[in-house]
Amino acid sequence: MAKITTATLLKMKQQGEKISTITAYDASFAKLFDQAGIHAILIGDSLGMVLQGQNDTLPVSIGDMAYHTGCVARGVEETLIIADMPFMTYATTEQAYSNAAKLMQAGASMVKMEGGLWLVDTIKGLVERGIPVCGHLGLTPQSVNVFGGFKVQGRQEDKALEMVEHAKALEAAGVQLIVLECIPEGLGKAISEAVSIPTIGIGAGKHTDGQILVMHDALGISCSYMPKFSRNFLVDTGDIKKAIELYIEEVSNGNFPGPDHIFK
Ligand code: KIV
């Protein structure tokens, strides 16, 4: 297979093909996921929770992210590599430039940032300077203290309408992908129809253009708990590569997420 790029993912959306993505943090898992045919790997700042045992993602540093991005990049041949910008590393546009450069130089092909309208100028500047950006709306974990916990977002009509507007603004600013986390399925559908770039859902229902899972959840090895929106694919296969192949197949044929994995 040829190297997957943002153009590949856009074409998949246009052709109605579902995109499968997963997190990874090291070369060995990244290589297996790449060989299984995953379309994109995210080095998520979820590593704070699943690798470091933190209660949330806030303690993760840009050094942590650059280190794990380098590890993943060395394991991957075809998959698109997206790296998370951690908490407060893009609070100003200048900070975003210098920290995004660190992740790109470590091997990322795209950086992800959490937030809506307030990020528009930063995104424009990054894209103008050659750095592709993935947006992230809904339950953005770096704002857990503002939300008062890990809670489903966008249930009230005004908040849902606002999120659609934020997604459109991110697209206009130049993002090429948007992650939608823990929102009602209907809102996931509305946002996916409102933008022409691919949307990748996690707890956002089956109508997004693709899905993402934290690898520890998809393999049933989370040290804390299994989120409602996730599924253990290892239990059905007993083999990590086969588990990821099953995940890709279930996303592709519309079986995952199922009715038990969605929020209303
Ligand atoms: O950090 C992460 O792993 C993420 C995904 C849950 C989307 O942002």
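Which residue just after α6 takes a positive phi? In this predicted model, the residue is G130, with a phi of about 95°. A walk through the structure can begin at the barrel and come back to this spot by way of the neighbouring helices.

The barrel is built from 8 strands, which close in the order β1-β2-β3-β4-β5-β6-β7-β8 with parallel pairing. On average, and ignoring direction, neighbouring strands of this sheet are turned by 25° against each other. In general, the strands of a sheet pair through backbone hydrogen bonds, in either a parallel or an antiparallel way.

Strand β2, which spans residues 40-43, is a good place to look at the barrel in detail. Both of its faces are covered: A40 and L42 are buried on one side, and I41 and I43 are buried on the other. This arrangement fits a broader pattern. Side chains in a regular strand alternate between the two faces of the sheet.

On one flank, β2 runs parallel to β1 (residues 19-23), and 3 bridges join the two strands. Here I22 stands opposite I41 of β2. Between these strands the chain passes through helix α2, residues 27-36, and the resulting β-α-β crossover is right-handed. Strand β2 also pairs with β3 (residues 80-84), again in the parallel sense, this time over 4 bridges. Within this pairing, I41 stands opposite I81, while A40 has L80 as its bridge partner. I41 thus faces I22 in β1 and I81 in β3.

Strand β3 also contains D84. Is this residue buried or exposed? D84 counts as buried because its relative accessibility is 2%, below the 20% limit for that class. Its surroundings can be listed by name. Leaving out residues up to four places away in sequence, D84 touches L42, I43, G44, D45, M65, L103 and K112. Two of these, L42 and I43, are among the buried residues of β2. For D45, a polar atom of the D84 side chain lies 2.8 Å from the backbone nitrogen.

D45 also offers a way to place another acidic residue, D64. The two are 19 residues apart in sequence, and their C-alpha atoms are 8.8 Å apart in space. D64 belongs to helix α4, residues 62-75, and it counts as partly exposed because its relative accessibility is 24%. Apart from neighbours within four places in sequence, D64 is in contact with L47, Q52 and P59. With Q52 the contact is polar and joins the two side chains at 3.2 Å.

Further along the chain, helix α5 (residues 93-106) lies across β3 and β4, and it runs at about 130° to β4, residues 110-112. Helix α6, residues 120-128, has V120, T122, I123, G125 and L126 as buried residues. What do the buried residues of α6 pack against? Their partners are α5, strand β5 (133-138) and helix α8 (157-173). The positive phi of G130 comes just after α6, which returns the description to its starting point.

Charged pairs complete the picture. The structure holds 8 salt bridges. One of them joins R129 to E128, with the closest N and O atoms 3.9 Å apart, and both of these residues are exposed. Another links E245 to K241, where the closest N and O atoms are 3.8 Å apart. These two residues sit 4 residues apart in helix α11 (residues 240-252), a spacing of about one turn. The spacing suits a general feature of helices: an α-helix has 3.6 residues a turn, so residues three or four places apart point the same way. Both partners are partly exposed, because E245 has a relative accessible area of 32% and K241 has one of 29%.

A further salt bridge connects D236 and R231, whose closest N and O atoms are 3.5 Å apart. In this case R231 counts as buried, because its relative accessibility is 18%. The pair also belongs to a wider group, since R231, D236 and E250 are linked in a network of salt bridges.

Conventions
Residues are numbered from 1 along each chain as its sequence is written. This is a predicted model: local features need pLDDT of at least 70, side-chain atom pairs count only at pLDDT 80 or more; totals for chains, interfaces and linings use all residues. Side-chain values use heavy atoms; hydrogens and water are left out. Buried means under 20% relative accessible area, exposed over 50%, partly exposed in between (1.4 Å probe, protein chains only). Two strands pair if DSSP finds at least two bridges between them. A crossover is right-handed if, with the strands pointing away from the viewer, the path from the first strand over the helix to the second runs clockwise. A polar contact is a pair of N or O atoms within 3.5 Å; within protein, one must be able to donate a hydrogen and the other to accept it, and residues adjacent in sequence count only if both atoms are side-chain atoms. Contact means heavy atoms within 4.5 Å. A salt bridge is a side-chain nitrogen of Lys or Arg within 4 Å of a carboxyl oxygen of Asp or Glu. Axes are lines fitted to C-alpha atoms, for helices over the stretch in contact, and angles run from 0 to 180 degrees between N-to-C directions.
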